Amino acid sequence: MKAPSAYAPWLTPLYVGAVQLGAYATARLPAQERAELLRAHSTNVHNLRAGRWRTLATSAVFVESPLPVPYGLALLAALGTAEAAWGTRRAAGMFAAGHIGASMLVYGGLRAARALSHKAVTPDTERAVDVGASYGFYATVGALAVSVPHPGARAAASAGVLAMGVSPVLRRRPDFTDAGHLTALLLGMGTGAAFKLRHRDRHRGRHRGRNGVRHP
């Protein structure tokens with residue numbers, strides 16, 4: 001793995017800028033046309049059940065409205081930090097894994113709930129607008145939290161992001177996107193921890209090799 005300074009984040013500003021410009025363009029459409037466009041690119045039950053798997057990709061580049069400045073800056077900071085630390089390919093992979101993984105798990109959960117009780121998932125929920133960068137954002141934040149070098153800071157960061165993901169689920173009327181955010185966060189934390197362990201083991205292997213110790 002290269003040093004963090006070896007990577008210059010370029011995909012992050014390109015992606016966030018494209019999402020924001022697209023949001024402003026979409027906002028200029030008539031309300032009904034805009035709603036139909038967003039629904040067509042949503043990872044909702046209706047689309048995925050019909051085999052519209054392209055929405056797993058296109059949903060990440062559409063948002064319901066232009067990004068608020070604080071959220072846009074947070075997205076830039078998180079994705080940019082990940083790209084600088086891990087490189088473009090791995091950072092994009094983490095984002096995609098969180099976005100697609102959480103979308104599929106939420107879809108599976110809604111399908112299962114619908115099978116158990118038709119009242120549990122309404123037709124409106126099945127056709128809901130579900131677009132945006134938040135699942136990938138949460139996964140990236142989770143992976144960054146468990147990658148903090150100092151143990152104390154890592155524990156605090158992990159606890160903080162877990163609280164961020166759990167608290168909306170515990171409120172009185174959470175929706176499926178709250179569960180999706182928590183799912184993406186856990187996916188990111190798990191994947192980030194696995195990457196950290198693999199990198200540590202690889203580093204130890206190289207160190208043993210330099211010292212003349214044979215290893216498989």
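This note goes through the helix packing and two single residues of a predicted model.

1. **Overall make-up.** The protein has ten helices and zero strands. Along the sequence the pattern reads α-α-α-α-α-α-α-α-α-α. Of its 216 residues, 35% count as buried. Take the contacts in the protein with a separation of 6 or more: residues 24 or more positions apart account for 76% of them.

2. **H5 against H8, geometry.** Helix H5 covers residues 69-86 and helix H8 covers residues 134-146. Their axes lie 10 Å apart, and the packing angle is about 50 degrees. That angle makes H5 oblique to H8, because it falls outside the ranges for roughly parallel, roughly perpendicular and roughly antiparallel. The crossing of H5 and H8 is left-handed.

3. **H5 against H8, residues.** From H5, the contact takes in Tyr71, Ala74, Leu75, Ala78, Leu79, Thr81, Ala82 and Trp86. From H8, the partners are Ser134, Phe137, Thr140, Val141, Ala143 and Leu144. By class, the contact of H5 with H8 has eleven nonpolar and three polar residues. Charged residues are absent from the contact of H5 with H8.

4. **H5 against H6, geometry.** Helix H6 spans residues 88-116. The axes of H5 and H6 come within 7 Å and cross at roughly 135 degrees. H5 and H6 are therefore oblique to each other. The crossing of H5 and H6 is right-handed.

5. **H5 against H6, residues.** Leu79, Ala82, Glu83 and Trp86 of H5 meet Thr88, Arg90, Ala91, Met94 and Phe95 of H6. The residues of this contact divide into six nonpolar, one polar and two charged. Leu79, Ala82 and Trp86 of H5 also appear in the contact with H8.

6. **H8 against H9.** Helix H9 runs over residues 151-169. H8 and H9 pack at an angle of about 155 degrees, with axes 8 Å apart. H8 is roughly antiparallel to H9, because angles over 145 degrees count that way. The crossing of H8 and H9 is left-handed. Tyr138, Val141, Ala145 and Val146 represent H8 in the contact. H9 supplies Arg154, Ala157, Ser158, Val161, Met164 and Gly165. By class, the contact of H8 with H9 has seven nonpolar, two polar and one charged residues. Val141 of H8 is also listed in the contact with H5.

7. **Serine 134.** This residue lies in helix H8. Is serine 134 buried or exposed? Serine 134 is buried, because its relative accessible area is 19% and the cut-off is under 20%. Its side chain joins that of histidine 181 through a polar contact of 2.9 Å. Leaving aside neighbours within four places in sequence, serine 134 is in contact with Tyr71 and His181. Tyr71 belongs to H5.

8. **Glycine 93.** This residue is found in helix H6. Glycine 93 counts as partly exposed, because its relative accessibility is 36%. How far apart in space are glycine 93 and glycine 136? The C-alpha to C-alpha distance between glycine 93 and glycine 136 is 9.6 Å. In sequence, glycine 93 and glycine 136 are 43 residues apart.

How values were computed:
Residues numbered from 1 in each chain as written. Predicted model: local features only at pLDDT ≥ 70, side-chain atom pairs only at ≥ 80, totals over all residues. Heavy atoms only, no water. Axes fitted to C-alpha atoms, helices over the stretch in contact; angles between N-to-C directions. Helix = DSSP H or I, 4+ residues; strand = E, 2+ residues; numbered from the N terminus. Parallel < 35°, antiparallel > 145°, perpendicular 65-115°, else oblique. Left-handed = near helix turned anticlockwise from the far one by under 90°. Contact = heavy atoms within 4.5 Å. Nonpolar A, V, L, I, M, F, W, Y, C, P; charged D, E, K, R; others polar. Buried < 20%, exposed > 50% of the residue type's maximum accessible area, 1.4 Å probe, protein only. Polar contact = N/O pair within 3.5 Å; in protein donor to acceptor, adjacent residues only side chain to side chain.
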